[in-house]
Amino acid sequence: MALSRLRHPVICRAPLLIKARFISSTSTRPSLNRGLNSSTDVAESLLSRPISTSFVNGVRNDSSKIKFRIGVRNYSSAGLPEHTVLQMPALSPTMNQGNIAKWRKKEGDKIEVGDVICEIETDKATLEFECLEEGFLAKILVPEGSKDVPVGQPIAITVEDQDDIVNIPATISGSEAEEKPSSEQTLKQGESIQESSSVNIGTSELPPHIVLNMPALSPTMNQGNIAKWLKKEGDKIEVGDVICEIETDKATLEFESLEEGFLAKILAPEGSKEVAVGQAIAITVEDASDLEAIKASVTGDLTVKDERPVSQNTSKDVKTQKISFSRISPAAKLLISEHGLDASSLTSSGPRGTLLKGDVLAAIKSGKGSVKVSGQQEKILSSPPVHSQTSSSGQMVSKSTVQETGSYEDLPNSQIRKVIAARLLESKQSIPHLYLSTDVVLDPLLSFRKELKAKYDVKVSVNDIVIKAVAVALRNVPEANAYWDAKTDEIVLCDSVDISIAVATEKGLMTPIIRNADQKSISSISLEVKELAEKARVGKLKPNEFQGGTFSISNLGMFPVDHFCAIINPPQAGILAVGRGNQVVEPVIADDGTEKPAVVTKMHLTLSADHRVFDGKVGGTFMEALRSNFSDIKRLLL
C-alpha cells in the first residue's frame with residue numbers, strides 16, 4: 001500500500017501507481033523536487049509487460065484528472081533557451097532509484113511522440129522510458145551505465161527547436177537546468193493546488209501525523225471510489241488492519257495500514273466517487289491525545305469535481321472563447337482537421353504558445369476537444385426564442401430543435417467499462433484479426449457430463465469441459481499459445497497454458513484466469529471457475545487472478561447466440577467465441593455402411609487470432625486439435 005506521510009515539519013511523499021508508479025512529490029528539499037509542472041494529458045493502456053510498457057511521471061493538477069509529463073519545462077534566466085528537463089521516473093511501487101541501462105537516442109537526435117528515449121533498470125525489471133512530446137535531445141546528464149540514480153534526478157534535457165541545441169552548455173548540470181520554471185506554469189500549478197480539494201490543513205498547528213492518500217491498487221487505476229470505511233474516526237489502527245474498501249477500475253480491494261496509530265480524520269467520506277490517485281483521504285496520528293487537535297485544525301471534506309466534456313458548454317460560451325495558442329504544429333493541424341475539433345477549445349503546452357500534437361491527442365482522449373459548430377448550426381442554436389406571432393412552420397422547427405437537444409441522457413460509466421472500451425479500440429486498431437470457424441458435435445460431451453453425474457456424482461458445465469478441451473489443444477499446438485512482442489517484432493511462446501474466462505458483472509466484463517488449465521482435472525477447473533466467477537461478481541478478485549493469461553474464451557451459449565466473433569484481449573493472440581448448441585438433422589453412417597438421417601447436436605466455434613502469430617497453418621492445426629478433443633472427449637482425462 002502506498003502511504004503519504006506528512007510530519008511536522010512537513011515531509012510529504014505520495015507514491016502513485018499508473019501502469020507502474022508515478023510520483024508527484026511536494027517535498028521541501030530541493031534534491032527531491034520532482035517537478036509539479038505538467039505538459040500533456042494522456043490515456044492509460046490496459047496490460048503491461050516488462051520491456052514493452054510506456055512509463056512517464058505523473059502530476060495531479062486537480063481532483064478530477066491526472067496529468068503526466070516527461071519533464072519540467074524551464075525558462076531560465078541564466079541564458080538557456082526554453083527546454084525540458086527529463087527526470088528519473090518511478091517505474092515500480094518500491095523504486096527509489098534506477099540504473100540507465102541504455103540510451104536509445106543520442107545527443108542531437110530528433111524525438112517524436114512515443115519514441116523510446118532510454119531503457120531504465122528498476123528493482124523489478126528493465127523498462128522503456130517513452131517521450132510524450134516532440135523535440136530534440138540536447139544534453140544527456142546521466143550517461144549510459146550509471147547506477148543508483150535517485151528518482152526525480154534530472155537525466156537529460158530536450159529542446160523544441162534544433163537550433164537551441166548549441167545554446168545548451170556542454171557542462172550544464174541538472175540543478176542549473178531546473179533553475180527557474182516558467183511563471184505561467186507556476187501560476188497554473190498554484191491554481192490547481194488550490195482547486196484540488198476543499199481540505200484545509202493548518203500544518204503549523206498540527207501534531208505529528210500521517211496523511212493517507214488514495215493508493216493505486218491496479219496498473220490501470222487513476223481514480224477510485226471509497227466503497228466503505230471499516231474504521232471510524234478515533235478508532236485504534238494496528239499494522240495490517242483494513243482501513244477501508246476501495247473500488248478500482250478492476251475490483252473492490254482492501255486498503256491496509258502499514259503503521260499503528262489512530263484514525264483522526266476521514267477526508268473522503270464513504271461513497272465518494274472518482275477520488276484521484278494521490279489525493280488525501282484520511283489522517284492518522286500516533287497518539288490518541290492528538291485526535292482533538294487534528295479535528296480542530298482540519299476542516300472541510302474532500303470534494304471531487306464532476307468532470308464534464310467541454311462540448312457540453314453552450315454555444316454562446318464556445319463562441320466567446322479565444323484561441324489560446326499563437327502557433328500550431330503540422331501534426332496538430334492535421335488532427336484538428338480529421339476530428340473536426342474547435343481550435344478555440346484546445347490549450348497549448350509548447351514554447352511560445354505552440355499547439356503540439358500531444359495537446360490535441362490529450363484533448364481527444366479526455367473528451368475535452370469540442371466539435372466545431374458550423375455557421376448555420378451556430379445561428380440556429382444562438383437564435384432567440386420564436387415569438388408567439390411567428391408562423392407555425394417556424395415554431396415547428398424551433399420545437400423540434402429543442403426536443404432534439406434534450407432527447408438523450410448521459411449514463412455514468414464505470415472505470416472497468418472505460419478500460420474495456422480503451423482496450424477493445426486498441427485491439428481492433430493494432431491487431432490484424434484472423435477469423436476461423438468450425439462446428440463440433442456436442443453429443444459426446446453431453447453424454448460424458450451425464451456419465452460423470454451418474455457414476456461419480458460430479459457436476460460440471462459445458463463451459464468447464466470447453467476450457468479443458470481448449471487447454472489441451474493449446475498444449476498440443478504450442479505455436480498457438482503465444483503472443484506478439486511489438487518491440488522486437490517476434491513471436492513469444494508461453495511456458496504455461498493460462499486460460500482467461502470472460503465473466504459478465506454489473507460493472508463490466510472481467511477475465512479471471514485458470515492457470516495451468518491443461519494440467520488440471522475437469523472437476524478442479526469447475527470448482528475454480530465457480531470461485532473466480534463469484535469473486536468477479538462481488539468485485540473481490542485479486543490482481544494476480546485477472547492479470548495475465550495466454551488465451552481467452554468467451555461463451556455465449558446460454559443465450560440464443562449461434563455464433564459470433566470475439567475481439568482479442570491484448571497482449572494475447574487468440575480468443576475462442578463459443579455459441580449455443582443446436583440440434584440439426586444430417587446424414588450419418590450406420591453400422592451396415594448405409595447413410596441414414598440422424599439428429600445431432602452441434603456447437604459453432606469461432607477463433608479470433610492475431611495474424612502475426614497465427615498463420616493459416618497454425619490456426620488450422622489448432623482448430624483440428626480442438627475438434628479432435630470434442631469428438632473423443634475421454635482423451636481429456638489422459
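V441 lies in strand β29. The model is a predicted one, and in it V441 counts as partly exposed, at 32% relative accessibility. Leaving aside residues up to four places away in sequence, V441 touches T601, K602 and F630. One of these contacts links distant parts of the chain: V441 and K602 are 161 residues apart in sequence, yet their C-alpha atoms are 4.5 Å apart in space.

**The protein as a whole**

The secondary structure comes to 13 helices and 38 strands. Of the 638 residues, 47% count as buried. Among contacts between residues at least 6 apart in sequence, 67% join residues at least 24 apart. The structure holds zero disulfides.

**Helix α13 and its surroundings**

F630, one of the residues that V441 touches, is among the buried residues of helix α13. This helix is made of 16 residues, 616-631. At 1.5 Å a residue it should span 22 Å, and its end C-alpha atoms are 22 Å apart, which agrees.

Which residues of α13 are buried? They are V618, G619, F622, M623, A625, L626, N629 and F630. These residues cover an arc of only 160° around the axis, which puts them on the same side of α13. The face turned away from that buried side carries the exposed residues G616, K617, E624 and S631.

What covers the buried residues of α13? The cover includes two helices, α10 (443-456) and α11 (462-476). It also includes the strands β29 (433-441), β36 (551-555), β37 (574-589) and β38 (595-610). Strand β29 is the one that holds V441.

**The largest nonpolar core**

In soluble globular proteins, nonpolar side chains tend to be buried together. Here the largest nonpolar core has 56 residues, and the members that touch the most others are V470, I499, F614, F622, L626 and F630. Helix α11 gives the most to this core, with ten residues. F622, L626 and F630 also appear among the buried residues of α13. L626 touches A469, V470, A473, L576 and L605, not counting residues up to four places away in sequence.

**A four-stranded sheet**

An open sheet of four strands has the order β22-β21-β19-β24, and its pairing is antiparallel. Which strands stand at the edges? They are β22 (252-256) and β24 (275-276); each has a single partner strand, so one side of each is left without a neighbour in the sheet.

Strand β19 (residues 223-229) is joined to strand β21 (residues 242-247) by four bridges. Within this pair, I226 stands opposite I246, and N225 has E247 as its bridge partner. On the pairing of β21 with β22, five bridges are found, again in the antiparallel sense. I246 takes part here too, with L253 of β22 as its bridge partner.

Is β21 enclosed or open to the outside? Six of its six residues are buried, so β21 is largely enclosed by the rest of the structure. Separately, C244 is buried, with a relative accessible area of 0%.

**Helix α6**

In helix α6 (residues 357-366), the buried residues include G358, D359, V360, A362 and A363. The buried residues of α6 pack against helix α5 (330-339) and strand β28 (354-355).

**Backbone details in loops**

The peptide bond from P570 to P571 is cis, with omega near 5°. P571 is found in the loop between β36 and β37, and both of these strands are among the elements that cover the buried residues of α13.

E274 has a positive phi of about 50° although it is not a glycine. E274 lies in the loop between β23 (261-266) and β24, the latter being an edge strand of the open sheet. N516 likewise has a positive phi of about 50° without being a glycine. The place of N516 is in the loop between β35 (513-514) and α12 (522-538).

The table lists residues that count as partly exposed.

| Residue | Relative accessibility |
|---|---|
| V441 | 32% |
| E274 | 27% |
| N516 | 29% |
| C565 | 48% |

How values were computed: Residues numbered from 1 in each chain as written. Predicted model: local features only at pLDDT ≥ 70, side-chain atom pairs only at ≥ 80, totals over all residues. Heavy atoms only, no water. Expected span 1.5 Å × (residues − 1). Buried < 20%, exposed > 50% of the residue type's maximum accessible area, 1.4 Å probe, protein only. Arc of directions from axis to C-beta. Contact = heavy atoms within 4.5 Å. Core = buried A, V, L, I, M, F, W, Y, C linked by side-chain atoms within 4.5 Å. Pairing = 2+ DSSP bridges. Disulfide = S-S within 2.5 Å.
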